[in-house]
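Student: Could you take me through one part of this protein slowly, a loop and the strands around it? I would like to see how the pieces fit together.

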Amino acid sequence: FDCDHPITMRLYFKVNREVPGLHGYLEAQRSDGTVVMMSDSIDSAPNPLDELPIGTHEITLTIPSRTLGHGDYFVYLNFTSRSSHKNNVDSPGIVARFRLDDFTTRRGNNRPGFLSTLVTWVVKTSVDDPHNSLGVSL
């Protein structure tokens, strides 16, 4: 994979009984175990996993392009519910591994940090900065 394209994961799972309050969470972890990103189904309203009917379901998860920086990642997945006596409903753990490369920017895979987000730099010619907001002079 490369940083300029979204990462789409399709997960298939079988629901054997309805679980009120079911929610899932996903972590993108670096190979050293550092959690770089976490997403939870309860971040969406309504929670798309709450009270799923019995049967087989497909979940599609998409991490937008230029979110994660270059490197090796593990995908950790877990399903929980407050209505379950154990809280954990299913804990598959690490379900996938992938590598991201930055082939398009000048820094490429030499860019430090966890993100590959590109910041837009806008320059306007200005006579004066009345607030001296940056305090920078070149």
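Tutor: Happy to! Let's begin with one term: a residue counts as buried when its relative accessible area is under 20%, as exposed when it is over 50%, and as partly exposed in between. Please also keep in mind that what we are looking at is a predicted model.

Our starting point is N47, which sits in the loop that connects β3 and β4. Its relative accessibility is 16%, and therefore N47 counts as buried. What does N47 touch? Once its neighbours within four places in sequence are set aside, N47 is in contact with L22, H23, S41 and I42. There is also a link to a residue within the loop's own stretch of sequence: a polar atom of the N47 side chain lies 3.0 Å from the backbone nitrogen of L49.

Two more residues of this loop deserve a look. P46 is also found between β3 and β4, and the peptide bond that leads from A45 to P46 is cis, with omega near 0°. Further along, E51 belongs to the loop between β3 and β4 as well. E51 has a positive phi of about 55° although it is not a glycine. With a relative accessible area of 46%, E51 is partly exposed, whereas N47 is buried.

You can set E51 beside a residue in another loop. R66 has its place between β4 and β5, and it too has a positive phi without being a glycine, this time of about 60°. Is R66 buried or exposed? Its relative accessible area is 10%, which means that R66 is buried.

Now follow L49 from the loop into the interior. L49 is among the residues with the most contacts inside the largest nonpolar core, along with L68, Y73, F98 and L100. That core has 23 residues. Strands β1, β2, β3, β4, β5 and β6 each supply at least two of its residues, and β1 gives the most, with five. This fits a general pattern: in soluble globular proteins, nonpolar side chains tend to be buried together.

β1 shows nicely how a strand can have two faces. Its side chains alternate: I7, M9, L11, F13 and V15 point to one face and are buried, while T8, R10, Y12 and K14 point to the other face and are not. β1 runs antiparallel to β4, and nine bridges join the two. One of the partnerships is between K14 and T56, the latter in β4.

The other strand that borders our loop, β3, takes part in an open sheet of four strands, ordered β3-β2-β5-β6 with antiparallel pairing. β3 and β6 are its edge strands, each paired on one side only. On average, neighbouring strands in this sheet are turned by 15° against each other, direction ignored.

Let's walk across that sheet from the β3 side. β2 and β3 are joined by five bridges, and Q29 has V35 of β3 as its bridge partner. Next, β2 pairs with β5 over eight bridges. Here you meet a familiar name: H23, one of the contacts of N47, has T80 of β5 as its bridge partner. The same two strands also share an aromatic pair: Y25 lies in β2 and Y76 in β5, so the pair ties together parts that are 51 residues apart in sequence. The ring centres are 6.2 Å apart and the planes stand at 40°, so this pair is tilted.

β5 is mostly covered, with seven of its ten residues buried. On to the far edge: nine bridges join β5 to β6, and G71 has L100 of β6 as its bridge partner. L100 brings us back to the core, where it is among the residues with the most contacts. Outside its close sequence neighbours, within four places, L100 is in contact with F1, D2, C3, I7, L68, G69, H70, G71 and Y73. Two of these, F1 and Y73, form one aromatic cluster with F98.

To retrace our path, we left buried N47 through its polar link to L49, and L49 took us into the nonpolar core.

Conventions: Residues numbered from 1 in each chain as written. Predicted model: local features only at pLDDT ≥ 70, side-chain atom pairs only at ≥ 80, totals over all residues. Heavy atoms only, no water. Core = buried A, V, L, I, M, F, W, Y, C linked by side-chain atoms within 4.5 Å. Buried < 20%, exposed > 50% of the residue type's maximum accessible area, 1.4 Å probe, protein only. Contact = heavy atoms within 4.5 Å. Polar contact = N/O pair within 3.5 Å; in protein donor to acceptor, adjacent residues only side chain to side chain. Pairing = 2+ DSSP bridges. Axes fitted to C-alpha atoms, helices over the stretch in contact; angles between N-to-C directions. Phe/Tyr/Trp six-rings, centres within 6.5 Å; stacked < 30°, edge-to-face > 60°.
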